[in-house]
Amino acid sequence: MTAASETRFSRTLLALLLILTAASALAWGHYRPLDQDEWFVFQTDTVSSISKLIEVQRHYPISLDPLFYHLLGHASTSLFGATAFAIRLPSLLGFLLMQVCLYAIAKRIAGNFAGFIAAAVPALTATLFYAQQARPYGVLLGLGALLLLAYQHCTRDTERTAWLIALAVTLALALNTHYFAILLLLPLYAAELVRIVQRRRIDWPMIFAIGIGSAGVLLTLPFQKSAGEFRKHYYNVGKVGLHAVTQSYRALLLNYTQYSLRTQHILMALLVVAALIFVAALLVRFRANDPTVPLAEKAFLLVLAILPFFGFLLARFVTHSIEVRYILPAILGLSVLIAITVTPFERNAFRARALVGVVLVLLVGLGFSRAANARLQRPSPRMLTISHVPAQSGPIYIQNMGNFDEIGNAVADPAIRSRFALVYSAPLEIALAHHDTQSLTAEHMRHFTGYRIENYEDLRRQPGPHLMILYHGGGWNWLDLQLVRDHAVVTPIGTALGGDLVLVSFTQNEAASPDRR
């Protein structure tokens with residue numbers, strides 16, 4: 001096969017890979033309703049104008065991200081309508097951009113086969129979830145990969161002005177996509193420091209481009225104060241342990257939370273063995289200098305790959321809170337490094353094509369599996385029905401915000417759906433659930449969502465009866481406990497949306513004593 005025909009074949013495989021990835025993500029998203037965090041994004045990004053969007057993110061955010069991602073969501077829903085597809089579209093495009101960039105990066109390092117493998121790795125892992133979730137992570141992955149590609153061109157090409165501009169712009173946009181994108185500065189700075197030491201001189205155009213891009217973090221400052229309100233009593237603030245590192249790697253590769261604890265331990269042991277084999281194979285390739293990878297690029301890739309360790313340090317000593325998805329860009333370094341370790345396969349045409357075939361079959365199989373699993377996990381008809389609704393009018397109060405958003409919005413009957421109202425209380429949530437994440441979100445939602453949202457203390461002043469749906473346990477539900485403390489008269493009616501539909505009446509003494517705890 002000539003070089004030209006090999007390149008055409010490789011690009012055809014890439015196109016097929018992108019099509020399968022998009023189809024898998026779209027099928028998965030088709031059967032998966034918007035989750036609570038996605039509803040926060042949806043409510044934010046479907047406001048009437050960009051000026052309103054900026055106002056929301058500056059003063060009363062419910063989706064705690066910088067502005068750029070929400071501008072993309074606003075543009076998408078303005079063009080394609082306020083739908084789940086439109087709000088998730090930026091994530092899908094970001095994920096596909098990441099695959100194209102990974103292909104180009106690994107291809108330049110080790111050839112067409114490595115490019116295909118690097119582009120395929122994220123789609124074969126749990127990372128694909130973020131291609132169909134309306135959160136910043138798909139976009140962040142795309143921008144992170146583009147940043148790595150731009151750096152590669154800036155350090156290898158002689159005509160690089162366009163790539164220097166691309167590096168600066170991409171870095172600035174990434175920093176304004178997610179607050180933890182600041183971790184991307186570590187591999188970038190480390191790579192350039194290695195390059196300066198190796199060359200024994202400073203590349204001033206590169207330093208200028210990196211500096212301009214890094215200054216983009218200043219654009220996040222107007223939005224950090226309001227987002228920072230959530231930090232004091234955030235639901236997962238506390239001591240961050242080293243287990244966050246292993247959790248991060250597991251979350252990148254497989255959705256381990258769906259398995260039993262015993263199965264998780266087995267999978268963790270298998271991942272450790274696989275990691276040791278991977279590291280050994282990578283060392284062999286690097287020691288043989290096959291393929292040849294510039295030292296600065298090695299530094300960039302390796303620091304990216306160990307990003308969970310730096311995420312742990314940032315959370316332990318600065319933010320005191322971390323979610324495993326915050327370090328997703330680690331998959332960028334891992335994907336290229338994995339591609340480097342399998343380059344010997346390319347020397348045997350049969351083995352190379354067999355591996356490509358296996359990858360494509362896995363993509364198709366995983367696509368069907370993920371879509372089928374999402375279909376099975378959709379709320380059942382029982383979860384979306386109310387067994388008996390009294391004839392009286394008036395709101396139906398829900399305190400659990402996740403169920404209010406996810407299940408309440410899925411109810412088919414618009415007459416019932418319009419009656420749902422959210423009830424909240426910051427002091428009671430702190431006292432009984434030990435955080436105020438839901439109540440602070442509810443207070444912010446009152447400014448722009450149009451939902452009926454009431455403070456529990458105000459509701460308690462009204463004797464009732466009030467229709468409520470109660471949920472129990474889980475760390476987010478406190479209303480049932482407070483009704484007992486308030487000696488409210490609770491009359492069961494039936495089941496509703498996976499909870500208990502009840503009529504609640506407050507005695508006159510309780511209704512007149514809103515400050516009782």
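In which helix does F85 lie? F85 belongs to helix α5, which spans residues 84–110, and the model in which this is seen is a predicted one. The points below take up a patch on the surface, the helix α20 with its surroundings, a serine in helix α1, and two histidines in loops.

**A nonpolar surface patch**
- F85 joins L26, L79 and F80 in a nonpolar patch on the surface, and together these residues have about 440 Å² of accessible area.
- F85 of this patch has a relative accessibility of 43%, and it therefore counts as partly exposed, since that class takes in values between 20% and 50%.

**Helix α20 and what covers it**
- Helix α20 runs over residues 426–433, and within this helix A426, L428, E429 and A433 are buried.
- These buried residues cover an arc of only 165° around the axis, which means that they sit on the same side of α20.
- As a matter of general geometry, an α-helix has 3.6 residues a turn, so residues three or four places apart point the same way.
- The cover over the buried residues of α20 includes the strand β2 (420–424) together with the helices α21 (437–445), α22 (456–460) and α23 (479–485).
- At the N-terminal end of α20, S425 acts as a cap, with a side-chain oxygen that lies 3.3 Å from the backbone nitrogen of L428, and L428 is itself one of the buried residues of this helix.

**A buried serine in helix α1**
- S24 is part of helix α1, which covers residues 3–31.
- S24 has a relative accessible area of 7%, and because buried means under 20%, this serine counts as buried.
- When its neighbours within four places in sequence are left aside, S24 is in contact with L128, G367 and R370.

**Two histidines with positive phi**
- Most residues other than glycine have a negative phi, and that is the background for the two residues described next.
- H434 comes just after α20 and takes a positive phi of about 70°, and its place is in the loop between α20 and α21.
- The relative accessibility of H434 is 63%, and H434 therefore counts as exposed.
- H487 also has a positive phi, with a value near 55°, and H487 is found in the loop between α23 and β5 (489–496).

Terms used: Residues numbered from 1 in each chain as written. Predicted model: local features only at pLDDT ≥ 70, side-chain atom pairs only at ≥ 80, totals over all residues. Heavy atoms only, no water. Patch = residues over 30% accessible without salt bridge, like charges linked within 9 Å, V, L, I, M, F, W, Y side chains within 5 Å. Areas by Shrake-Rupley, 256 points an atom, 1.4 Å probe, with all protein chains shown as cover. Salt bridge = Lys/Arg side-chain N within 4 Å of Asp/Glu carboxyl O. Helix = DSSP H or I, 4+ residues; strand = E, 2+ residues; numbered from the N terminus. Buried < 20%, exposed > 50% of the residue type's maximum accessible area, 1.4 Å probe, protein only. Arc of directions from axis to C-beta. Contact = heavy atoms within 4.5 Å. Polar contact = N/O pair within 3.5 Å; in protein donor to acceptor, adjacent residues only side chain to side chain.
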